[in-house]
Amino acid sequence: MIPPELRKLAEALAADAELALVGGAVRDELLGRPHGDWDLATALRPETVLARARAAGFRAVPTGLQHGTVTVILAEGPVEITTFRSDGDYRDGRRPVSVRLGVSLEEDLARRDFTINAMAVPLAGGGLVDPHGGRADLREGLIRAVGDPLQRFSEDGLRPLRACRFAAQLGFRIEPATLAAIPERLDVARRVAPERVLAELTKLLTGAHPRAGLEALRTSGLLDLWLPELAPMVGCAQNRHHRWDVWEHTLEVAGRVQEEPGLRWAALLHDAGKPGSRMEAAGEVHFHGHESRSGEIAEAILRRLRASNHLKQEVLALVRHHGTHPEPAWSDAACRRFLRRLGEDALPLERWAAFRLADQRAKGIEDPDRETRHGAVVARLAALAAQRPPLSVRDLALDGSALMAMAGRKGGPWLGALQAELLEAVVEDPGRNTPEGLAALAAARLARSGPPPGPRDPRPGR
Ligand code: ATP
Ligand code: MG
């Protein structure tokens, strides 16, 4: 299971000392699932690891010498090599004040968070080292804290969130005592930096079982702690188009869109505005305008968690447009206006369509024609898009400088207004997007509004 390059590194490091695979790679190999980075643990001091790795020609970085961590960059990816250590007291709810190096492998495994993460495979052979019953928990599908969960969650407030994240990635249950300890230690969890929360929540959402992770968040109180805006979704009943409440529907959508951050975050947030927009009229429940409310909530949450502009933009575009339902009765022009709005939000048609289909399927209502209708609507939009109609000012057959020359004026707000009007016209009828056609339209518009005062006006006295 060990790639040759890692084997070579191991030989260079430790002919004379203990070296073991630990952490996620051991867990995931036992599960037969692909894993991310390799983690190694060793009795060697970090300075020795650094020196030996470099002497053998590896690129090695002293990532955290005081915590005993060196990173070696292999073609496969980075390998973290951590000296066996035990952690001193925790004071800030995140990191031990001190660490003690030079302990045994068993002590090192005891400081790790969950039994399934506290196994090791010594590279010298001898088989699995598993003092906490990680293998049995893997078999049972259980996430169980190493030692006393209350104490472990007092030390480090990130661990409860990691528990939920592993539940989502592996489809495991959190063992009852471990789960019960989370609400008891929310004061520690509260101190985790928003960037870390975002990273863990993103791993949770993009796991193969987002429902398991999100339900663990909800039942443990972590959802209320970090995403309190979402709490009213639970139990918010919908209308005859939906079988489930808003929360249950959300879980369904999350499990149906691709495992990708933008799509999964959008799934979580797309209906967050529904509870606040719920109206009952003539015996029917409506959520008019919930998309923009969801957008506001999504933006507030993502800003609070310090999400990148890229992620925010992706999520907000999906949230904003998820409620648009193009109908066969729409004119081609109406379809083009919709394509234009998607373009303005840099949301590809296929992505919008995939999200919409997941959203529709997650209603839990039998609708035998749904897929056919969806397919027809998307095919029509795609066919219109394939004609490459003008959908933005950049596509106009007359550019800004040509329009300025025509008007005999420098640029200014008038130009933007004119271009917007021309765009409206050519989205309506792409046949008008020729230099002559636009010149005529522009001339008519300029004559209508008259030559407004501009910088060209000779001012008396100048
Ligand atoms: P993945 O790499 O797939 O995210 P992982 O389990 O390898 O999962 P890492 O963050 O790479 O997670 O950490 C490597 C190992 O270090 C873990 O398996 C665990 O043994 C230990 N570990 C990581 N974070 C903590 C923590 N907050 N508390 C205790 N032990 C931890
Ligand atoms: Mg890892």
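Trainee: What volume does the largest pocket have?
Mentor: In this predicted model, the largest pocket has a volume of about 1300 Å³ (the space filled by probe spheres set on grid points joined across faces, edges and corners).

Trainee: Which of the residues lining the largest pocket are closest to its centre?
Mentor: They are Asp39, Glu80, Asp113, Arg162 and Arg165, out of 45 lining residues. On a 1 Å grid over the protein atoms alone, a pocket is an open set of points where a 1.4 Å probe fits, with protein on both sides within 12 Å along at least five of seven lines, and lining residues have an atom within 4 Å of a point.

Trainee: And which elements give two or more residues to that lining?
Mentor: For the largest pocket, they are helices H2, H7 and H10 (194-205), together with strands E2 (38-42), E3 (59-64), E5 (77-83) and E6 (85-87). Helices (H or I, at least four residues) and strands (E, at least two) are DSSP runs, numbered from the N terminus. H7 gives the most to this lining, with five residues.

Trainee: How should I read the numbering, and what limits apply?
Mentor: Residues are numbered from 1 along each chain as its sequence is written, while chains are lettered from A and ligands numbered from 1 in the order in which they are written. Local features need pLDDT of at least 70 and side-chain atom pairs pLDDT 80 or more, whereas totals for chains, interfaces and linings use all residues; side-chain values use heavy atoms, leaving out hydrogens and water.

Trainee: Where does ligand 1 sit?
Mentor: Ligand 1 takes up the space of the largest pocket.

Trainee: How many residues surround ligand 1?
Mentor: There are 15 around ligand 1 (a heavy atom within 4 Å), and the closest are Arg27, Asn117, Asp156, Arg159 and Arg165.

Trainee: Which helices supply at least two residues of that shell?
Mentor: Helix H2 (24-31) and helix H7 (159-170) each do so around ligand 1. H7 gives the most to the shell, with four residues.

Trainee: What distance separates arginine 27 from an oxygen atom of ligand 1?
Mentor: A polar side-chain atom of arginine 27 is 2.8 Å from such an oxygen. For arginine 165, a polar side-chain atom is 2.9 Å from an oxygen atom of ligand 1. In arginine 162, a side-chain N or O atom lies 3.2 Å from an oxygen atom of the ligand.

Trainee: Changing topic, how much space lies in the second largest pocket?
Mentor: The second largest pocket holds about 390 Å³. It is lined by 20 residues, and those nearest its centre are Asn239, His242, Lys274, His290 and His325.

Trainee: Which element gives the largest share of that lining?
Mentor: Strand E12 (284-286) does, with three residues. Helix H16 (290-304) and helix H19 (349-361) each supply at least two residues of the lining of the second largest pocket.

Notes:
A polar contact is a pair of N or O atoms within 3.5 Å; within protein, one must be able to donate a hydrogen and the other to accept it, and residues adjacent in sequence count only if both atoms are side-chain atoms. A molecule sits in a cavity or pocket if more than half of its atoms lie within 2 Å of its grid points.
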